[in-house]
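Let's take a walk through this model together, with the coordinates open beside the text. Keep your viewer handy, and we will go from charged pairs to helix packing and then to a loop.

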Amino acid sequence: MSGAVALVDVVDAAVVTELTQAVWASFVDDEVELDEAFEVPSDADLADALVGRIAIEGPAAAVVQVVLPEAAARAAASRMLALDPDDVDEADVADATGEITNMVGGNLKAVLVGEHRLGLPAVTRGTSGPRAGTVLAPLWWGEHLLLVRVDALPGADATAVPHPRHP
């Protein structure tokens with residue numbers, strides 16, 4: 001494909017940060033912005049994390065992960081569902097984490113041109129080596145250190161033409 005660029009040339013940490021901040025401000029917290037972090041959370045920081053995963057299928061195939069420490073996931077669910085934190089249960093936390101992941105994945109898909117499809121989000125506990133991702137965007141939400149990770153899928157073409165809004 002002439003003129004094609006690698007996924008990492010289209011989706012870098014700045015793009016992931018910007019798109020995640022937009023989702024966060026619209027659906028989670030419009031009072032406290034997500035700030036770019038200059039440190040990647042340690043395994044200890046993420047020991048109790050919820051991990052939302054969603055696949056983007058197509059020429060720039062990738063997996064997007066939104067990694068939220070338990071306290072951050074619970075606080076986000078409380079805000080998204082307008083529930084008292086004491087009334088948030090495990091299903092609410094998983095649903096909110098999955099929805100955040102779905103929206104971040106959808107925003108990332110939107111910066112790619114060509115035929116791309118978004119899978120269904122899945123939420124698990126724990127991490128799978130977040131410091132080895134293709135693109136890492138650590139972010140602070142108040143006292144919580146979050147991580148958004150985008151991995152190009154091995155064996156995929158991993159190329160795409162940049163969207164005109166994100167040259």
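Across the whole structure, a search turns up 8 salt bridges. Bear in mind as you look at them that this is a predicted model. A good one to start with joins Glu-57 to Arg-117, whose closest N and O atoms are 3.4 Å apart. This pair ties together distant parts of the chain: Glu-57 belongs to strand β3 (residues 50-57) and Arg-117 to strand β5 (residues 117-118), with the two positions 60 residues apart. How accessible are the two partners? Glu-57 has a relative accessibility of 39% and so counts as partly exposed. Arg-117, with a relative accessible area of 42%, is partly exposed too.

Now move over to helix α3, where Arg-74 forms a salt bridge with Glu-70; here the closest N and O atoms are 3.3 Å apart. Both residues sit in α3, 4 residues apart, which is about one turn of the helix. An α-helix has 3.6 residues a turn, so residues three or four places apart point the same way. Is Glu-70 buried or exposed? Its relative accessible area is 15%, under the 20% limit, and therefore Glu-70 is buried. Arg-74, by contrast, comes out at 23% and is partly exposed.

Arg-74 has another partner as well: Glu-90 forms a salt bridge with Arg-74, and the closest N and O atoms of this pair are 3.0 Å apart. Here the link again runs between distant parts of the chain, from Glu-90 in helix α4 (residues 90-110) to Arg-74 in helix α3, 16 residues apart. Glu-90 is partly exposed, at 43% relative accessible area. If you select Glu-70, Arg-74, Glu-90 and Arg-125 together, you will have a network of residues linked by salt bridges.

Staying with α3 (residues 70-81), let's see how α2 packs against it: the two axes are 9 Å apart and meet at an angle of about 55°. Because of that angle, α2 counts as oblique to α3. On the α2 side, the contact involves Trp-24, Phe-27 and Val-28, which meet Ala-76, Arg-79 and Met-80 of α3. What kinds of residues make up this contact? They divide into 5 nonpolar and 1 charged, with no polar residue.

Helix α2 itself spans residues 13-28 and includes Thr-17. Its N-terminal end is capped by Asp-12, which places a side-chain oxygen 3.2 Å from the backbone nitrogen of Ala-14. Further along α2, the buried residues are Val-15, Val-16, Thr-17, Leu-19, Thr-20, Val-23, Trp-24 and Val-28. Zoom in on Thr-17 for a moment: its relative accessible area is 8%, so Thr-17 is buried. Which residues does Thr-17 touch, leaving aside its neighbours within four places in sequence? Thr-17 is in contact with Ala-137 and Leu-139.

For a last stop, follow the chain into the loop between α3 and α4, where you will find Ala-82. Most residues other than glycine have a negative phi, and most peptide bonds are trans. Ala-82, however, has a phi near 55°, a positive value in a residue other than glycine. With 70% relative accessibility, Ala-82 counts as exposed.

Terms used. Residues are numbered from 1 along each chain as its sequence is written. This is a predicted model: local features need pLDDT of at least 70, side-chain atom pairs count only at pLDDT 80 or more; totals for chains, interfaces and linings use all residues. Side-chain values use heavy atoms; hydrogens and water are left out. Buried means under 20% relative accessible area, exposed over 50%, partly exposed in between (1.4 Å probe, protein chains only). Contact means heavy atoms within 4.5 Å. Axes are lines fitted to C-alpha atoms, for helices over the stretch in contact, and angles run from 0 to 180 degrees between N-to-C directions. Angles under 35 degrees count as roughly parallel, over 145 as roughly antiparallel, 65 to 115 as roughly perpendicular and the rest as oblique. Ala, Val, Leu, Ile, Met, Phe, Trp, Tyr, Cys and Pro count as nonpolar, Asp, Glu, Lys and Arg as charged, and the others, Gly among them, as polar. A polar contact is a pair of N or O atoms within 3.5 Å; within protein, one must be able to donate a hydrogen and the other to accept it, and residues adjacent in sequence count only if both atoms are side-chain atoms. A salt bridge is a side-chain nitrogen of Lys or Arg within 4 Å of a carboxyl oxygen of Asp or Glu.
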